[in-house]
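I opened this notebook page to record what I looked up around the ligand and in the interior of the model.

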Amino acid sequence: MIRFNAKALASTALVAIAVLGSGSAASAADKVVFRSADTHVADYPTVKAVEYMGEILSKETNGRLSIKVFPAAQLGEEKDTIEQTQLGVLDINRVSLVPLNNIIPLTQIPSLPFLFKDTAHAQRVLDGPIGDEILASFADKNLIGLAFYDSGARSFYNLKKPINTPEDMKGMKIRVQQSDLMVGMVRALGANATPMPFGEVYSGLQTGAIDGAENNWPSYYSTRHFEVAKYYSITQHLIVPEALMMSKKSWDKLSKDDQKLVRDAAKKSATKMHELWAAMDKVAHEAVVKGGSQINEVNKEPFMKAMAPVYDQYVTDPKMKDMVARIRATN
Ligand code: GTR
């Protein structure tokens, strides 16, 4: 968090620029610029949505509160920025829910394969009490869960051949996000799971360190992975949202009123994200088709069956079992 005072002004170029350009609505001493991280490039919907949240905050406080987003993993890969957020070095962070799996147990639930019927079902669950419970559990780990963002569905892609059945994946080296659950999920298919930061996947594919990975259309497209790994097989095994969160240290410095403003602005940005996501999903899908990706539909049943054991392996806690049952019972 950058708080504007004489000492900070003397030492930070960013502060000086912000004050010069800020107008006179809020006095320099009151201003707070939240630093926020994102692994995605500047025009990706997640980055735009957090910037939109900043615009709302700035408008509602006459420029007293605002957000500066650092895109393209400038501040590090998700595993590192999560730690920085816990420590209060970063104020806000937008990450996938998956790299939180090893830290916050309940984040594993929406990260389970084939749990949600479709993205609309996921949205209904996450916008309701179950979503609130998951976000509230962030506080045990020095984080404040603010909102979920759309992230479509993740499918496998690789540079060797179309995947039609789990057997096609036997022995393939598949990159996964840094989470034990993801390692278990890919191993259940008989493939070799390689946990790796997002930013290393492109070169991993190029050098053959990995044969494939899994992601939604926008990420497959924006990273240019589609140029190297041409075979995209629509398994849609994961419908896992993004998480928008704040450092508890930064949160605790805010007044109750400002905390409410931040929470409300985050929720509004999630609504904005629906629009941004729908548009980008379409653009990305069309672009990879045009770019020569070989896309195939798959029968999901054998994948569901092969991945089912991860539920017994990872959902052992009664609270988690209960949540899975409640999600399945949600229409
Ligand atoms: C994307 C997600 C990123 C990152 C990435 C990955 O879908 O938006 O935050 O987690 O996946 O696979 O690492």
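Which cavity is the space taken by the ligand? I found that the ligand occupies the largest cavity, where a cavity is a set of points on a 1 Å grid over the protein atoms alone at which a 1.4 Å probe fits but cannot get out, and a molecule sits in one if more than half of its atoms lie within 2 Å of its grid points.

I noted that this is a predicted model, in which local features need pLDDT of at least 70 and side-chain atom pairs pLDDT 80 or more, while totals for chains, interfaces and linings use all residues. Residues are numbered from 1 along each chain as its sequence is written, and side-chain values use heavy atoms, with hydrogens and water left out.

I then looked up the shell: 14 residues surround the ligand (a heavy atom within 4 Å), and His 40, Glu 78, Arg 175, Asn 215 and Glu 242 come nearest. One nonpolar, eight polar (Gly would count here) and five charged residues make up this shell.

For distances to ligand oxygen atoms, I recorded 2.4 Å from an N or O atom in the side chain of Glu 78, 2.7 Å from a polar side-chain atom of His 40 and 2.9 Å from one of Arg 154. The protein buries 99% of the 320 Å² that the ligand exposes when taken alone (Shrake-Rupley method, 1.4 Å probe).

Note on methods. Polar contact = N/O pair within 3.5 Å; in protein donor to acceptor, adjacent residues only side chain to side chain. 1 Å grid on protein atoms, 1.4 Å probe; cavity = no way out; pocket = protein on both sides within 12 Å on 5 of 7 lines; lining within 4 Å.
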